[in-house]
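Here are a few short exercises to work through with the model open beside you. Try each task before you read its solution.

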Amino acid sequence: MEAVKKKPQKENEDRSKKLCEDFTEILNINREIINTLKKEAERNADKVRLPATETNLQKAVTQNIIRPYTESQLSALYNNDELGMLEAFNLQYIEAELKGLAIKQHPLYELLMNYLRVCEKITANTLELEQIRKEYKVLQNELWTIETATVAGRGECQDGIMVSASHSYSKSIFHRSVFQSIVRILGNVQKVTYENHVLYSYSAEELRIQIELFLQTVINNCMTVTQLDKSAQVALTMQSEPLHIKPYLAEVRLCISILFSFQRILIRESQFIKETRDWLTQLVSLLLRLANFQDHLFILNHILRCPAGVGSWASCFVQTPLDINLKVSPFASYQINHILAVLAMILMPIKARETFLEDIAQNKEMATDALWVMVDSDGEEDEESTGTSLRENDLVALLNQLPLDDLFRDVLLIHRRDYQDIYDVSCITEYHILRFLAFSTVLLKIIYTGIQTYDQPRYNQFSKRLSRFIRHVAQYATDQWEQFLKIQSLEDKAMLERLQVEYDAFFLRTIYYLYSSQKLGAWQFLAVVPYHMVTLATLWKIFYFLHSSDRQAKDILNPLADEDYSKKIWEEELRAQFEEKLGSLEDAEVYYLLNTFANMALAREDKDVDFIYAATVDLLRVGFISEVTQESCSKSARILLTHLTSKYPHLLSNILREVKENIDKIGALVLYLYEELPLSIWKITDADLDLISRLLLNNPLVTNESKLARMILSRLNWDTLPYEVHCDVAILVVHAASQEPGIVNWAWQTILRLKLHISDKAFTEIGRVQEVERYDVLLKGIREQQSLASFVAILMTTWGHLIPLICSQGLSQLLSLQTQQRHEAVLFALYQIIPLFINSQECIINCDKFQTILVNLLNADRGYISMAKSLVFAQNTVLQQFGNMIETQIVNFAYYDLESPRCLVRLWMNSLVSVPNWNRDMGIIYLLNVIVRTGFFHTDALDAVHNILRDLLQCGTPQEQSGTISSIFKWVSSTSTNGSLISNSLSGYTWLAYIWIAVEHQEKEVTTGLWNELLVQLSKQKGKVNVDQALKKAASVVKVPIITSGSLCIYRWAQQALDTPIDHPLLPLLWQRFFTLYLARIPPSSIVDQACVGDRFFDGLVNFAFLKKIKRRLQDSVDYFQTKLDVKDEDNEELCKKQFYHSCHQIFRAFSLWLEEPRLQENNVLLKNLPPQYKSILLAYVMQGSNVSIRIKVHSNPSQVAKSVHHYLA
């Protein structure tokens, strides 16, 4: 084969230099033309001076003047001579190879053919031997047969009786005819093995050695002449080989062609195929080290005309050297030009491939190993008649051989240093941008050729790969253009306009190439192309042509098509045409196209609001307004509209207007649409609210209009909307509820979400609150005793903001709400109102209406209606909601600008204990327990609780004075005159019990001196201990009323601890309180032998049984926490509480030891000698009665948040 002649490299560089000079001259002429036309436009502008910034008119004039370069003009910017030579080179290759005269007369060809024949004979000989062996095994089983024979005899015994007998035995029969056949078969085996196989094997080995010797001679001769180093890299030159080595390289090429020819015929000998490919690899590796560009194309042509599967063994033959960090312009690099040429050859149609693979095509039924037939989407068989096509994997393997990453590094001027890419934008010039766009245009055309070449469904994934390649090229061009505009300050405006026009033209080509590859999955890449750098006019053009019919698609490349596409897009003919087009597309293609429209809008800034609005309305019409497309496109359109409105929330107002005008066409789909739209980020305007009002007030309950209005109001984010909108919506909702009682429940839910009160902190100026008289809707509703109107009046007007009006009018409305069983609304209003009284607590505490409201709330769950509801379904009681409201207020004290919850705790405590018979009301007891639990970890709040309870105990209550009960909290320590130690303490109120028992102990036993005197009297008793008798003597000594022993706090602490659940966070502190009394030291002024009399409190049958119960409970607690600790970490769902369980386990173990250790009752015990399990430091504090805390992490019931108990005993 003759090589195609190529000019030397130096001449090629001279040509590139001349092209650059010609291009500079073209640019200068272009500038002169533009300046002349601009001056002419200025003279014809009625002498109106344009502003400093370029107006839309000026842009239009400019864009009408400048036309993008044609392909021939672009070739002056980037020219690849090698691409132009491909066609001629391919034709010459095909002619030379198909003639095959030199090949078939070559000694290597004869050797390979003989070697192949011998290999086939060896295979046939092996198959014949296998067949003979099978026959031998069959005859071997037939050589002998076994039969059963019987002999019989008869005789007379000596006694004259005749007897007979028989005997059966096996008899082998030898078949001589079979034996003769076996002898014949074994003779054949001997002949096949010793004669044929040895002969063929010897011949094959001899031929193989001759072939290797021949090839090695060719290789050695070539390496000797060229003095090639074995470690030489792959070569690429643009020059022909020297004359003295030309014969040797021609011989190498001829041998390669011969070996490739054997890859194109149907051969079953796998060993022969493997060996020929190994020899081919040796020759190709030699040629690549000496190759010019023609040799690379020569090898690639051979590869492209091999059977399917060639990519798995021959893709490595494709080598395209490329230097990193080129010293010359990348657009003048012969290496980059060669890569594009190789890419073009891979992607262009492969001529005469069927002719080269004629042998394969004739034996298709034998060559193919496919069990499945590929069909396209229409069910048609997707397999060509000859069966000679390349596989998709072959093309991918060949494409992967090209160093495309390094290629783009070079053309983008990205340098590689220390394995890091370094991009210096300052190196980019306007000339580089133009040349890069010209280069990219050539590259896009090559890729598009590949998409057209491999447009069959079996190449679907490869086509997608090429489409993705187009998208990447467009992205690179866009990124470089964007960076250039950010960094470079180009003073030449004409050049800047030229660059923009060329970029737009390049972008239009990109869109056209992707759009025209519809059936190949390319449309999915239309959506991800960067649309943010093209001009708005170009974007409108793209938008229009994507809507038009396919036969008009190529008009997108027409530079003379400069109509106003922003108006043409809404023409009725185009809309009907577009709807018909969508109906003919597959679902995936429809989504890709609509996604493209959405991403075009998403790529633009707010200044392009007209286009963004047009894209949004277009999606809305296609997905919901058009009856032709709404069924198939509504789902996709809803998703895309959600993305658009997420970036541009103001579009929700436009969508609402369009929906309002076309709701009859949209129907129930309007609710489907608004389920997904991000209404939470919508800042509704007065116009939007007016539309919503008309939808809500002018339509019946069951209509889509009414449902839409309610859905919108329900999904708005009220935290971000101004206070005035809240008020307007509240009035609207009250008005709607008065017209349509069927939406009352929705109205209540909506009002509760609004921030109408100053406590919501939607506003801070009290002057913005209006009087109720300004709202006729509210006044009318109050007169008609509409609960919603009363509720809104409290939250939104001065009736719920000014203290005098709250007490006179607001609380009256709350009472009205209670008469209508709106207790939840009352609690919500109290949550808002009560913080206003933080600095005026007496005003609300002493208000009779407020007391009545509290009583009604406490009694709400005791009515027949509430009982009936509780039987039907489980619900939170009003009392529980009341407690949750108080707890929320106390927890969020900082929300009210308080440093601690003390003021809130004091307000609620005083309010509740001001209710008549409060100490008998278990509801109030429950609420007091909630207050103590919530404020427990705030020292000043707990002090406020302590002081209030202490004052109540000291001053007494009317109930105490009337003698009805002996203690404010008879529920804590129900004492009786019979001295029983059985207590009625309620475990559900542990927090309040903890504080109250401590208060009573301090006031009744410590302050009066009764406790110390009791210890002295018990220490003086001899013999049988009588706690009641000692208590009477102590009471007489300190001159206090006599009480029974059952009311002593030591028993009440123990009983409360027994009644409290083991996992309660206060349980360790309850036991600590008990042991503080149990191990209390006798006053030092007394003359006694013992230091402690704690064990004497549990003498006697009843008391001893109580002590056993205490010991058992402590041991149960130890076992419980040990069980928690034994759970493996990987199986432990409460791993975060492990430290808490560990601390509790140690504390309860110490408590159990304290109770069992008699030495602790003695005077001479030395605590530091006790084992560590006794917690001697804590024990010392307990025995001294000091204010000590147990520092363990606890998890409070409501929040499960770890806190530390730091409560110091009073």
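**Exercise 1. Describe the span that UniProt annotates as "coiled-coil region".**

Step 1. An unreviewed UniProt entry lists residues 122-149 under that name. UniProt positions follow the numbering used here, feature names are shortened, and annotations may be inferred rather than shown by experiment.

Step 2. Before going further, note that this is a predicted model: local features need pLDDT of at least 70, side-chain atom pairs count only at pLDDT 80 or more, and totals for chains, interfaces and linings use all residues. Residues are numbered from 1 along each chain as its sequence is written, and side-chain values use heavy atoms, with hydrogens and water left out.

Step 3. Now look at the ends: the C-alpha atoms there lie 50 Å apart, and the span is 75% helix and 21% strand. Helices (H or I, at least four residues) and strands (E, at least two) are DSSP runs, numbered from the N terminus.

**Exercise 2. Work out how strand β1 is joined to strand β2.**

Step 1. Strand β1 covers residues 144-156 and strand β2 covers residues 162-174; they run antiparallel, joined by 13 bridges. Two strands pair if DSSP finds at least two bridges between them.

Step 2. For one such position, take A152, whose bridge partner in β2 is S166.

Step 3. Five residues separate β1 and β2 in this hairpin, and G160 in the turn has a positive phi of about 85°.

**Exercise 3. Find the salt-bridge partners of D421 and say where R409 and D421 lie.**

Step 1. A salt bridge is a side-chain nitrogen of Lys or Arg within 4 Å of a carboxyl oxygen of Asp or Glu. The whole structure holds 33 of them.

Step 2. D421 pairs with R409, with the closest N and O atoms 2.9 Å apart. Because D421 sits in strand β4 (residues 420-423) and R409 in helix α17 (residues 404-411), the pair ties together parts that are 12 residues apart in sequence.

Step 3. D421 also forms a salt bridge with R416, where the closest N and O atoms are 2.7 Å apart.

Step 4. Check accessibility (buried means under 20% relative accessible area, exposed over 50%, partly exposed in between, with a 1.4 Å probe and protein chains only). D421 is partly exposed at 43%, R409 is buried at 17%, and R416 is partly exposed at 32%.
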